[in-house]
Amino acid sequence: MAVTTLKIDGKEVSANEDETILDVAFQAGIKIPTLCHIEGLTDIGACRMCIVEVAGSNKLQPACTTKVKDGMEITTQTARLKKYRKMVLEMLFSERNHVCAVCVSNGNCDLQTLAVEHDLTHVRMPYLYPKTEIDASHEWFALDQNRCVLCQRCVRVCDEIEGAHVWDVSGRGVQSRVITGLNEPWADSDTCTSCGKCVQVCPTGALSNKGKATGEMTKHREFLPYLAQRRHDHK
Amino acid sequence: MAKQIIIDPVTRIEGHSKITIKLDDMGAVQDARFHVTQFRGFEKFCEGRPFSEMPSLTGRTCGICPVSHLMASAKACDEILAVEIPTTAVKLRSIMNLAQIIQSHALSFFHLSSPDLLFGMDGDPATRHILGVVEKYPTLAVDGVMLRKIGQEIIELLGGKRIHPAWVVPGGVSSPLTPADREIILNKLPEARAICERTLSWFKGVLDQFKDEVNTFGNFPSLFMSLVSPSEDGKLAKLEHYDGKLRFMDADGKIVVDQINPNRYMDYIDEAVEPDTYLKSPYFKQLGYPDGIYRVGPLARLNLIDVCGTPKADQELSEFHALSSGPNLSSFQQHYARLIEMLYGVERIEELLNEADILDKRVRAFAKPNRSEGVGVSEAPRGTLMHHYKIDDNGLITWVNMIIATGHNNLAMNKSVKQVAQYYVKASHLQQGMLNRVEAVIRTFDPCLSCSTHAMGQMPLLVQLLGPCGELLDEVKRG
């Protein structure tokens, strides 16, 4: 594997050519905000929180899916990036009904944490207030579309780690929804093994254990890097 | 010529409302109505949500008494789970509920109503508010602030935050009381008790100055309702705010119905809808609408019991009961009842904190829904609070009914406004003192119309005198 050298925020770093900007920045101790990324799953660049500036290009690049190149000069913190990251968060909040105050994940939510980190005190665009349903048909778990940010962590973990591929995304644009099976109630899915990995990787309160009260849903993701490594080793 | 006086908005209450006074051709008060002008929609928008969210969701009904909603809601959820929650959890919930009653009563008495009591109903509205009290009666003002603070601090120590703690959950509470926090609460109680005692002493001293108000502020026969629990020997009815059975008493002191399991409230109460207010009018079914008028709250609770169950409060209760041969019918005496309840709250919290199992770590029962329906009833500061939920097979809410204490009192508030208006309103001219009395009678019920409070009395008060065709004949503005 060829080794390249590049600069991130002025810091000289070396990396393998197949690594992403996010991987290399992480190893160098440079924090780039992420939402759809989770260690152990394939990155898809869905949320656009990890956008960075690459010298020579006016286009902002998602750090999670952009591979490093020799001589790259990357900047992770600029006023422009902060502005767009904040805008991404605003649009996520305005698209569904994220009512932190009564959410099971209040205090344990990746979206909420990002909002705090980005000083998101209000949302400038109008809220859409879509009427979305809750699928609580599963014996142990519930899906609340109101809190979903379409990060597709559930889709990926079910496909890549559990191998069941229960989850998918239906619809387009603001009509997009994560679905189970062929858009049937979760309980009717023949492929769901009820392993709960989707619930644990969900960044918000969209997927939770049933019966949890406000703020009680904490996620445990320690299993993921380990299982991902075991899968990788077997290939 | 028939005229109409409108007081809009009503100040120093929690929420938004207005009062309309209709005059007949002779200028005498023909009718008076209390309108709640805001719509909340909780019963509707909770549909489809998981039942386990209901305590937090319904807690948002109010920023003054979220704890009361947490109690009733969590109890309804306990019923859906069909579990008996650990006794320590019952005691901890009770402590929080009493702390809530103390802080809310303190707000009502000191911040909202004491200006009327200290400066008189005809006092200058420029100073007849809590800041005026701070300036002229700093000791009493500080007492009020401190008492409310202590109540709020107890809520925070138990639940993690003062407003909307998520600690009360279906099946119990989410964390036990620590020995350190128990000590902190115990150390706060002597000051709270001293404030309650000296305020009671002061209030009893000035009560004679308000004979007119006692006689005319919602002083009429009606039923009373509250939860009561049996005394240790089972012979007497004891003051109850968390559990117990429902009891109705008539104006002569006769117990009409007793020992009603709260989940059968619908057998006794129905709700009427009026075209000019968003607040429904619950009534006692046996007497029909609108004759089935009943009152809830501090006055009702003290009327319906034989004992409070704590030493100092029982002494005060004896004096309170001695004021009248039967139940005390004057809504003005709600102020007095609030003071006694605060004293009881302080004493009872101390008792509960000294019980052997109060630090027990088992404070929650876990279960899946075992019933499709649950009713939770508790006593909020303003009176009996009812939450009733139905769920589907997946635990999602399909139907909600909430009867808030202020709703129970709606018919009584209307009747009280009419009584005060008939006594004080003279059609020839509009006077501040008259207007304030009409508002003050509403304030005796401490109505909680929403989660907002206008404690400073700074909202503008507009009173319009309208002719039969709606033409403006006279106008008074305040604020």
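This passage describes the helix packing, domain contact and chain contact of a predicted model.

Chain B contains 14 helices and 17 strands. Its length is 479 residues, and 53% of them count as buried. Contacts in chain B with a separation of 6 or more were also sorted by distance along the sequence. Residues 24 or more positions apart account for 72% of these contacts.

Helix 11 of chain B spans residues 334-353, and helix 4 of chain B spans residues 87-119. The two pack with their axes 9 Å apart, at an angle of about 150 degrees. Angles over 145 degrees count as roughly antiparallel. Helix 4 of chain B is therefore roughly antiparallel to helix 11 of chain B. Their crossing is left-handed. On the helix 4 side, the contact includes B:Ile95, B:Leu98, B:Ile102 and B:Phe109. B:Lys91, B:Ser94 and B:His105 are also among the helix 4 residues that take part. On the helix 11 side, the partners include B:Leu339, B:Met342, B:Val346 and B:Ile349. B:Arg338, B:Glu341 and B:Arg348 are also among the helix 11 residues there. By class, the residues of this contact divide into 13 nonpolar, six polar and four charged.

Helix 7 of chain B, residues 179-206, also packs on helix 11 of chain B. Here the angle is about 155 degrees, and the axes lie 9 Å apart. Helix 7 of chain B is therefore roughly antiparallel to helix 11 of chain B. This crossing, too, is left-handed. Helix 7 contributes residues including B:Ile185, B:Leu189, B:Cys196 and B:Phe203. Its charged contributors include B:Arg182, B:Arg193 and B:Glu197. From helix 11 come, among others, B:Tyr336, B:Leu343 and B:Glu350. The residues of the contact of helix 7 with helix 11 divide into 14 nonpolar, two polar and four charged. Some helix 11 residues serve in both contacts. Among them are B:Leu339, B:Met342, B:Val346 and B:Ile349, which meet helix 4 and also helix 7.

The domain assignment of chain B gives two parts: domain 1 (3-38 + 409-478) and domain 2 (220-329). Domain 1 brings eleven residues to the contact between them, and domain 2 brings 13 residues. On the domain 1 side, strand 3 (29-36) and helix 13 (410-424) of chain B are the elements that give two or more residues. Helix 13 gives the largest share of that side, five residues. The domain 1 side is made up of four nonpolar, five polar and two charged residues.

The two chains also touch. In this contact, 13 residues of chain A meet 17 residues of chain B. The chain A side has six nonpolar, four polar and three charged residues.

Within chain A, one cysteine was examined more closely. A:Cys198 sits in helix 5 of chain A, residues 197-201. A residue is buried if 20 or more other C-beta atoms lie within 10 Å of its own. A:Cys198 has 26 C-beta neighbours inside 10 Å, so A:Cys198 counts as buried. Beyond its neighbours within four places in sequence, A:Cys198 contacts A:Cys154, A:Val157, A:Cys158, A:Trp167 and A:Leu207. A:Ser208 is ten residues from A:Cys198 in sequence. The C-alpha atoms of A:Ser208 and A:Cys198 are 9.1 Å apart in space.

Note on methods
Residues numbered from 1 in each chain as written. Chains lettered and ligands numbered in written order. Predicted model: local features only at pLDDT ≥ 70, side-chain atom pairs only at ≥ 80, totals over all residues. Domains from an automatic or database assignment. Contact = placed C-beta atoms within 7 Å. Axes fitted to C-alpha atoms, helices over the stretch in contact; angles between N-to-C directions. Parallel < 35°, antiparallel > 145°, perpendicular 65-115°, else oblique. Left-handed = near helix turned anticlockwise from the far one by under 90°. Buried ≥ 20, exposed ≤ 12 C-beta atoms within 10 Å, placed from the backbone.
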